[in-house]
Amino acid sequence: MTASPRAVRTAVLASLAVLASGCASGPALRARAESAPPPCTGPVVIGHRGAPQNAPENTMASFDTALRQGADWVETDVQTTRDGVPVLMHDPSVDRTTDGKGAIGDLTAAQIAALRVTVGPGPAEPVPTLEQLLERMAGTNATLLMEIKWQRRTEDVVRIARLAAASGARVIMYSFSADHLRVAHATAPELPIVLIQGASIAENPGNLPLSGIALDTTLASASRIAAERRAGREVYVWTVDDEESWQLMTGRDADGLITDTPGPARRWLDANCPTGRPAGPRRN
């Protein structure tokens, strides 16, 4: 089980108020060193692949930028190399995002390490491994929303879950695959699990003990969000990148905004902080 995102955000803000006085020059993943605003009861801001409109997606530079801009959480995608090393990339191949070619599952970790992520603004960046990101996040207040992409081998899901559980980082495992989540939960039952559902992929969770659900905007109606919250599940909505969407999903009482624009989302939410919202069910 995990504390609710709103409870986590309140704790983060309290910690940052203390850290800001002595850690203002530290890296963003260690602490967002800024004056902490009053706690807001609104949704958490989740940097989708970091801050992909400001740095190459799913790179350390992107995650650092998202947190520096005020993201409460960062989101990433985990694929596995031919030799079983989990790396951070959305697509099953390296073609779109890097200066290389080929399916990730056909390339070794050494071959992936030689590539550079070129999609997005800023200098090209290395492809991080999951272990590298977990090491950076361990001991911090930042939460990682970690998508387990479609894996060829069950042992790859087990390896991903074990790494996450052993890291000491705050991790929530999520996936479109109910089977992957079932394996991940059996491997690391202490980590929360979240099912992703979209218009084209919406698997039945069955008896999975979900702490939340991630819905695309086409599914995130007010009635659906309310039903999920009554069932004790938090709701994270993807991908919302403009004021109209932030306002709509905040009004529908979503718990998290998964966004490619975490900086603008944070500024909008701080300027339009909801007050007097009813506290729905939460898993603690």
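In which loop is the place of N58? In this predicted model, the place of N58 is in the loop between β1 and α2, and the views below take up that loop together with several other parts of the protein.

**View 1. The loop between β1 and α2, with R49 and N58.** Two residues of this loop, R49 and N58, have backbone angles that call for a close look. Phi of N58 is near 55°, a positive value in a residue that is not glycine, and phi of R49, likewise a residue other than glycine, is positive and near 60°. N58 counts as buried because its relative accessibility is 1%, and R49, with a relative accessible area of 14%, is buried as well, since buried means under 20%. The loop that holds R49 runs between β1 (44–48) and α2 (60–68).

**View 2. E75 of strand β2 and its surroundings.** E75 is found in strand β2, and its relative accessible area of 1% makes it a buried residue. Apart from neighbours within four places in sequence, E75 is in contact with I46, G47, H48, R49, G50, N58, F63, L145, E147 and Y174, a list that includes both R49 and N58 from the preceding view. Between E75 and G47 lie 5.7 Å, C-alpha to C-alpha, although the two are 28 residues apart in sequence.

**View 3. T97 in the loop between β3 and α3.** T97 lies in the loop that leads from β3 to α3 (109–113), and with a relative accessibility of 2% it counts as buried. When residues up to four places away in sequence are not counted, T97 touches E57, M89, D91, R116, V117, T118 and V119.

**View 4. A110 on helix α3.** A110 lies in helix α3 and, at 57% relative accessibility, counts as exposed, because the cut-off for that class is over 50%. The C-alpha atom of A110 is separated by 9.7 Å from that of V85, a residue 25 places away along the chain.

**View 5. Helix α5 and the elements around it.** Helix α5 comprises the 13 residues 154–166, which at 1.5 Å a residue should span 18 Å, and its end C-alpha atoms are 19 Å apart, so the expected and modelled values agree. The buried residues of α5 are D156, V157, V158, I160, A161 and A164. These buried residues pack against three helices and strands listed here by name, among them α4 (130–137), β6 (143–148) and α6 (178–187), and they also pack against β2 (73–80), β3 (86–88) and β7 (170–175). After α5 comes G168, whose phi is positive and near 80°.

**View 6. The packing of α4 with α5.** Two packed helices are described by the angle between their axes and the distance between the axes. The axes of α4 and α5 come within 10 Å and cross at roughly 15°, and the two helices are therefore roughly parallel to each other. The crossing in which α4 passes α5 is right-handed. On the side of α4 the contact is made by L130, E131 and L134, and on the side of α5 by I160, L163 and A164. By class, this contact of α4 with α5 has five nonpolar residues and one charged residue, with no polar ones. I160 and A164 also belong to the buried residues of α5.

**View 7. The packing of α8 with α9.** The axes of helix α8 (residues 243–251) and helix α9 (residues 262–271) come within 10 Å and cross at roughly 55°, which makes α8 oblique to α9. Here too the crossing is right-handed, with α8 passing α9. The contact is made by E243, W246, Q247 and T250 of α8 and by P264, A265, W268 and L269 of α9. The residues of this contact of α8 with α9 divide into five nonpolar, two polar and one charged.

**View 8. The cis peptide bond before α8.** W238 and T239 are joined by a cis peptide bond, with omega about -20°. T239 lies in the loop between β10 (234–238) and α8.

**View 9. The whole protein.** The secondary structure of the protein comes to nine helices and 11 strands. Of the 284 residues in the protein, 52% are buried. Among contacts between residues at least 6 apart in sequence, 58% join residues that are at least 24 apart.

Key
Residues are numbered from 1 along each chain as its sequence is written. This is a predicted model: local features need pLDDT of at least 70, side-chain atom pairs count only at pLDDT 80 or more; totals for chains, interfaces and linings use all residues. Side-chain values use heavy atoms; hydrogens and water are left out. Helices (H or I, at least four residues) and strands (E, at least two) are DSSP runs, numbered from the N terminus. The expected span of a helix is 1.5 Å times one less than its number of residues. Buried means under 20% relative accessible area, exposed over 50%, partly exposed in between (1.4 Å probe, protein chains only). Contact means heavy atoms within 4.5 Å. Axes are lines fitted to C-alpha atoms, for helices over the stretch in contact, and angles run from 0 to 180 degrees between N-to-C directions. Angles under 35 degrees count as roughly parallel, over 145 as roughly antiparallel, 65 to 115 as roughly perpendicular and the rest as oblique. A crossing is left-handed if the near helix is turned anticlockwise from the far one by less than a right angle, and right-handed if clockwise. Ala, Val, Leu, Ile, Met, Phe, Trp, Tyr, Cys and Pro count as nonpolar, Asp, Glu, Lys and Arg as charged, and the others, Gly among them, as polar.
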